[in-house]
Each structure stands twice: as C-alpha cells, then as structure tokens.
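Student: I'm new to this one and would like a close look at a single part: the turn with the odd backbone angles. Could you show me that part, and then connect it to the rest of the structure?

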Amino acid sequence: MNVLIVEDETAAFDNLASILASIDPSIEIVGNTEGVEQTVRWLKNNQKPDLIFMDIHLSDGSAFAIFSQMEVEVPIIFTTAYDQYAINAFKVNSIDYLLKPINPEDVEAALQKFQKWGQNDVNKYLDKLTRIHLTATNNYRDKLIVQYRDTLLPIPINEVAYFYYTDHKTSVTLMDGRSFPLRSQLDQIYATLNPADFIRANRQFIINREGIKDISVWFDGRLRVNLNVSVAEPIYISKNRASDFKQWIERMV
C-alpha cells in the first residue's frame, strides 16, 4: 500500500509513520506535504497513492481548500486535533476521522475499514469527492460581516486586504486601512475564501492578492510580502513555502 501523509508538524508525521510501520512494514510512505498548495501540486505531478492521511489544519490553511482546486481521486483518512472539523470531514465522506494524539489502535481500525471496502464502495466515494470539487467554487463567501460600535457592516470580500491573528485575537483590515475585530480563527476564515484570491501566508496572516504591493527576496530564501496598507508586523513566507507562493502569484498575470 502506498500512502501520502499530508501533515505540517514533524512530530505528528514521525508518530504516524512509526505507527504505520509497526502495523504493516509493507506500507510505503511515498510523500509528505505540509500545505494546501504543496499538496495540490504533489497530487497533480505524482502517481496516485492508494490512501491519504490528511491533517485538516495545514501550514497555509484548511485542507478542505484542496477540494476546491482539484478532483481528489484517492480515499482519505482525516487527522486533526480539533474535533469541530468532524462535520466537514464527513461531508467529503472520509473513510475515517482520527483525533490527535493518534494511537496505533485507531490507525489499525481505520486501515481495516479501508481494506474492507470493495471497488463499488471506492467508486461511490470518489464520485462524492468529485461532486464536492464541482460545487465548492460556488460556495465561497462574497461578503464579510463586521461589527462597528452597535452596527453590523456587510463588507464585500474583495475590499479585504488581509486577516491577522495575534495574542489569541483575529482582525480584518480593509483596502482603505480600516480594521475590525473578528471572532473566527484564521483556519475557519480561510476555508470560506476563494484560494485563487486569498492565501494563508503564514500562521498569522491571510492576504488578498489584490492588496499586494511588491515582494522582497531575502538572503535566507524567505519572501517578505509588502501590502498597499500598513501591517502590524512584517509578512514573511518561509523558504519551504516560497515556491508554492510564487506559483500562486504567477496566476495573477
């Protein structure tokens, strides 16, 4: 069995890899991706694995954004530390849903469940994933509701410059420089945005492509993104994600 692991935490990847090896040494891990863009690129450029173990909270946003960018023709076992994602996971008909910290018993049970599936079950599963792909692009939000004093303001999503998270607080800043507090976390917000227009730059920022002024290349391989509005701190793209970010930017042309 060939397995792709979509996981951005090294310790979690090592733990799952060790568990799989102990359950069945013949299982081959053919890849490890850490984010939405990297996973999309891997799936498009490599032979399909038999099974995917996929964390939901990735380095550049929610794993569910993957399904809006491509058809995923591989069964998936979702893994996450956040129980609230279970509903969305089962909307894409996951084979199983494992809560972290993952233990060998749960992994073995999930693998047994997968191995019991007949081809008819797999075909039905993949058909549902295809329908998710075809309908996802129609479900992105086009407005954001923010509170200003005692008033709720509907803001067109294309007026957003960036979302920012710090000190356990989330805020949104508009193209005109105004900022408002939000209650949602960044990964929850990112799952509702069109990935063609917004990208999870790092764990603190989601940025709108239309708000980008220019990009600086740093000596250590990182990128610094400069926006048309002021930000509380510099926005850096890590060396590991720089290639994916450049490809996303190139689609602006």
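Tutor: Let's get one term straight before we look: a residue counts as exposed when its relative accessible area is over 50%, as buried when that area is under 20%, and as partly exposed in between. Keep in mind, too, that this is a predicted model.

Now for your turn. H168 lies in the loop between strand 10 and strand 11. Is H168 buried or exposed? With a relative accessible area of 73%, H168 is exposed, because that value is over the 50% cut-off. Its backbone has a quirk: H168 is not a glycine, yet its phi is positive, at about 65°. Now look at D167, which is found in the loop between strand 10 and strand 11 (169-174). D167 isn't a glycine either, and its phi is positive at about 50°. The relative accessible area of D167 is 64%, so D167 counts as exposed.

Next, let's walk back from the loop into strand 10, which covers residues 160-166. Aromatic rings come into play here. The protein has six aromatic pairs by the rule used. One of them joins Y162 and F205 in a tilted arrangement, with 5.6 Å between the ring centres and 55° between the planes. Why is that pair worth pausing on? Y162 sits in strand 10 and F205 in strand 14, so the pair ties together parts that are 43 residues apart in sequence. Y162 is buried, at 6% relative accessibility, and F205 is buried as well, at 1%. Add Y164 to Y162 and F205, and you have one aromatic cluster. So here's the picture to hold on to: H168 in the loop is exposed at 73%, whereas Y162 in strand 10 is buried at 6%.

F205 hands us on to the next stop. Strand 14 spans residues 205-208, and the loop between strand 13 (198-200) and strand 14 holds R203. The side chain of R203 meets that of D8 in a salt bridge, 2.8 Å from N to O. D8 lies in the loop between strand 1 (2-6) and helix 1 (10-23), so this pair ties together parts that are 195 residues apart in sequence. D8 is buried, at 14% relative accessible area, while R203 is partly exposed, at 45%.

How many salt bridges are there? The count comes to six. D176 and R178 form one, with 2.8 Å from N to O; D176 is exposed at 51%, and R178 is partly exposed at 38%. D220 and R222 form another, with their closest N and O atoms 2.8 Å apart. D220 is partly exposed at 30%, and R222 is partly exposed at 26%. R222 has ring partners as well: its charged end sits over the ring of W218, 5.5 Å from the centre, and R222 lies over the face of Y236, 4.3 Å from the ring centre. There's also a network of salt bridges linking E7, D55 and K100.

K100 brings us to another backbone feature. The peptide bond from K100 to P101 is cis, with omega near -5°. P101 is found in the loop between strand 7 (96-99) and helix 5.

From P101 we can step into helix 5, residues 104-116, which packs against helix 1. Two packed helices are described by the angle between their axes and the distance between the axes. Helix 1 and helix 5 pack at about 65°, with their axes 10 Å apart, and their crossing is right-handed. The residues that meet there are L16, I19, L20 and I23 from helix 1, and P104, V107, E108 and L111 from helix 5.

Finally, zoom out. The protein has eight helices and 17 strands. Of its 253 residues, 46% count as buried. And of the contacts with a separation of 6 or more, 56% are between residues 24 or more positions apart. The Y162 and F205 pair, whose parts are 43 residues apart, is a good place to start when you trace such links yourself.

Note on methods:
Residues numbered from 1 in each chain as written. Predicted model: local features only at pLDDT ≥ 70, side-chain atom pairs only at ≥ 80, totals over all residues. Heavy atoms only, no water. Salt bridge = Lys/Arg side-chain N within 4 Å of Asp/Glu carboxyl O. Helix = DSSP H or I, 4+ residues; strand = E, 2+ residues; numbered from the N terminus. Buried < 20%, exposed > 50% of the residue type's maximum accessible area, 1.4 Å probe, protein only. Phe/Tyr/Trp six-rings, centres within 6.5 Å; stacked < 30°, edge-to-face > 60°. Lys NZ or Arg CZ within 6 Å of the ring centre and 35° of its normal. Axes fitted to C-alpha atoms, helices over the stretch in contact; angles between N-to-C directions. Left-handed = near helix turned anticlockwise from the far one by under 90°. Contact = heavy atoms within 4.5 Å.
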